[in-house]
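User: I am new to this structure and would like to go through it in short questions. Please show it first.

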Amino acid sequence: MTTALSRRSERRISPVFVGIVAVTAVTGWATWTGFAEQPGLAVFLFVTAAWIVSLCLHEYAHARTALHSGDISVGAKGYLTLNPLKYTHALLSIVLPVIFVIMGGIGLPGGAVFIERGRIRGRWRHSLISAAGPLTNVLFAVVCTAPFWLDALDGVPRDFRFALAFLALLQVTAAILNFLPVPGLDGYGVIEPWLSHNVKRQVEPFAPFGLLFVFALLWVPSVNSAFFDMIDAVLRGLGISDFDTYCGYDLFRFWRDSNEICSIAR
């Protein structure tokens, strides 16, 4: 009985996560209705809260897949409660991704849940655990872009449309960055089980610096331009224009003077 109760408690959704979802819902409503005196502030809170929700779901997907693959320790660590404060690296998982959204409009992936890989048997299971997180970002991007590729934007307020477009950009960038086969990122985790022991041993020392390497590359103008050209191409394929994402980011940075073109469009 005690064991059953403790296991249920390990999977109970955290009030912290419920609170973040509530902030997303309220600020989304404020953005939709134009209730907020400062629409930019409402968009900032809505996008930030929704982005944190997606980060929690990303890590939950890793943990839940690991649980079903044999790592029963994830429950005791609190990973199944969707509480971001339970993550191994709260700074990397939540704080830094939010900072990078504010600084550069990039959906930066972060390291969070610790999986006891020794408990898991089978290379496919290891690969699926790593892929589960970024696949959640893909699903989130599909949901955000659905009104655009379904041509269902009639009646959708402009500010909410811009916010959705910017949120979709964050999800697409997060999915693509996470799937890069760079040590320390999920993409490498997908292919790692299939590499030889010798290759894995040689690559292992670089894993802690993989994210820093990607970040440094994005500071190179030519790489940054090529990366965002690819992101824009993906979003255009989903029906989102550069104008939508630009104005979404412009609204998100409410502390700056709004671009006149975006102001006129609203």
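User: Over which residues does pLDDT stay under 50?
Analyst: This is a predicted model, where local features need pLDDT of at least 70, side-chain atom pairs count only at pLDDT 80 or more, and totals for chains, interfaces and linings use all residues. Residues are numbered from 1 along each chain as its sequence is written, and side-chain values use heavy atoms, with hydrogens and water left out. pLDDT is the predictor's confidence in each residue, from 0 to 100. The model has zero contacts (heavy atoms within 4.5 Å) beyond four places in sequence for the stretch where pLDDT stays under 50, residues 1–6.

User: Which element has the highest mean pLDDT?
Analyst: Elements are DSSP runs numbered from the N terminus: helices (H or I, at least four residues) and strands (E, at least two). Helix H1 (residues 2–10) has the lowest mean, 54, and the highest, 96, belongs to helix H2 (residues 15–33).

User: How far apart are the end C-alpha atoms of H2?
Analyst: The expected span is 1.5 Å times one less than the number of residues. For the 19 residues of H2 that gives 27 Å, which agrees with the end C-alpha distance in the model, 27 Å.

User: Which helices do the buried residues of H2 pack against?
Analyst: Buried means under 20% relative accessible area, exposed over 50%, partly exposed in between (1.4 Å probe, protein chains only). The buried residues of H2 include Phe17, Ile20 and Thr24. The face turned away from them carries the exposed Pro15, Ala25 and Val26. The buried residues pack against H3 and H7.
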